[in-house]
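Visitor: I should like a close look at the pairing of charged side chains in this structure. Please set it in the context of the surrounding fold.

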Amino acid sequence: MTAPPLAQRPSKALLVGLVVSGALAMIVLVVMLLSGGPVGFGLSAALALAPLPVLLAAVLSLDRLEPEPKLHLAFAFAWGAGVAIVLGIALTLAGQALVAGAGYGNDVADRVGTVLLAPVVEEALKGSALLLLLRRRHEIDGLTDGIVYASMAGLGFAAVENVGYYLMAFDQDGTDGALKVFVLRGLIDPLGHPVYTSMVGLGVAYALTRRNAFRFAAVPLGYLAAVALHAFWNGAAALQSLGWLGAAYLVIMAALVALVAVTVVERRHLVAKMGVYLPAYQATGLVTEADVTMLSTLSARKAARRWARRAGLGRAMSDYQQAATELTMLHLRAEREGADPVRFAVERDSLLGAMAQSRRW
């Protein structure tokens with residue numbers, strides 16, 4: 001779809017953040033390579049990367065209706081992999097040193113670091129990626145957007161962190177040790193970090209897209225939920241108890257199911273709203289009754305894209321559906337938050353222009 005004239009250019013701050021975060025992630029990986037050797041590092045990196053394409057596809061599939069800008073998604077992933085990792089390690093180690101220096105000993109300091117400090121510090125750092133995106137608030141149109149951005153930050157963090165865990169296991173027990181840790185972190189609980197940080201994402205998105213009094217509490221409550229989930233899992237792992245690990249896993253899976261349910265409900269609501277807002281544009285000739293019917297259910301949208309591909313209009317249909325979706329979301333934002341009439345009219349006309357350019361059937 002031709003970008004609307006009002007589409008924001010990438011800010012310098014966003015580009016700088018992406019570059020800095022990427023550079024920090026590379027530095028961390030190089031340090032791991034130098035400390036662990038090429039064999040151990042190669043195996044650890046391969047294990048960390050193996051599930052990543054599937055996990056990324058799963059997260060991005062939540063946002064198929066109105067995909068987020070690739071640069072913003074890359075920033076969130078890089079922030080988790082770079083800034084959040086580096087500062088998380090530094091602050092957690094500093095906190096452990098304070099606990100040990102207070103006379104509690106290294107064992108207590110390690111447990112405090114694992115169960116308390118790491119969740120508190122890491123969730124704040126991963127979640128801060130969403131706070132940095134607040135200046136571009138129109139990119140967060142709903143709760144699903146908050147979940148997607150938070151999950152990207154969590155996946156970036158987990159990818160680099162897992163390399164470190166696999167490498168430590170390899171140093172201690174060789175390939176078998178690395179594979180055992182991979183089963184736990186890469187297969188059994190690969191979505192831990194995305195689920196934790198999605199609580200923050202939900203809070204930020206709710207605060208941005210609602211105008212009730214609860215919105216002021218949404219971000220801190222989301223953060224506390226993220227810390228609680230993270231601490232529960234880390235505590236269960238520290239106890240090395242299958243029973244506690246099973247309980248923590250069930251809680252995390254319940255949170256995951258709830259997050260997916262939120263995205264499904266929100267997607268259905270958005271699609272249904274198309275049948276409310278779009279008929280008003282039938283007089284323009286850009287939306288017919290058949291178009292409204294097609295756009296108003298996910299199955300009909302998919303069938304229309306199939307038909308369009310066979311007719312050589314696949315890209316045009318996708319662009320049309322995207323513009324119609326964004327037009328609906330523009331109305332939803334105005335309904336929830338109010339809108340400046342002039343800006344609303346300019347954005348609306350820009351999206352109608354994109355629909356006119358793509359509608360060729």
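**Charged pairs and their setting**

Guide: Asp-349 has a relative accessible area of 42% and is therefore partly exposed, a class lying between buried (under 20% relative accessible area) and exposed (over 50%), evaluated with a 1.4 Å probe on protein chains only. Arg-348, at 24% relative accessibility, also counts as partly exposed. The side chains of these two residues, Asp-349 and Arg-348, meet in a salt bridge with an N to O distance of 3.1 Å; the term denotes a side-chain nitrogen of Lys or Arg within 4 Å of a carboxyl oxygen of Asp or Glu.

The model is predicted, so local features need pLDDT of at least 70 and side-chain atom pairs count only at pLDDT 80 or more, while totals for chains, interfaces and linings use all residues. Residues are numbered from 1 along each chain as its sequence is written, and side-chain values use heavy atoms, with hydrogens and water left out.

By the salt-bridge rule, the count comes to nine. One of them joins Arg-333 to Asp-141, whose closest N and O atoms are 2.6 Å apart. This pair links distant parts of the chain, 192 residues apart: Arg-333 belongs to helix α11 (residues 314-337), and Asp-141 to the loop between α4 (83-132) and α5 (143-188). Helices here are DSSP runs of H or I with at least four residues, numbered from the N terminus. Both Arg-333 and Asp-141 are buried. Arg-359 and Asp-291 form a further salt bridge, with closest N and O atoms 2.7 Å apart. It too spans distant parts of the chain, 68 residues apart, from the segment after α12 (341-358), which holds Arg-359, to helix α9 (residues 289-295), which holds Asp-291. Arg-359 and Asp-291 are likewise buried. A network of salt bridges connects Asp-141, Arg-333, Arg-343 and Glu-347.

The nonpolar setting completes the picture. A nonpolar core is a set of buried Ala, Val, Leu, Ile, Met, Phe, Trp, Tyr and Cys residues joined through side-chain atoms within 4.5 Å. The largest has 62 residues, and Met-32, Tyr-149 and Val-195 have the most contacts inside it. Elements giving two or more residues to this core include α1 (12-49), α4 and α8 (242-277). The greatest contribution, 17 residues, comes from α5. A second, separate core of 29 residues includes Leu-270, Val-271, Ala-316 and Leu-330. Leu-270 and Val-271 are among the buried residues of α8, as are Arg-267 and Lys-273.
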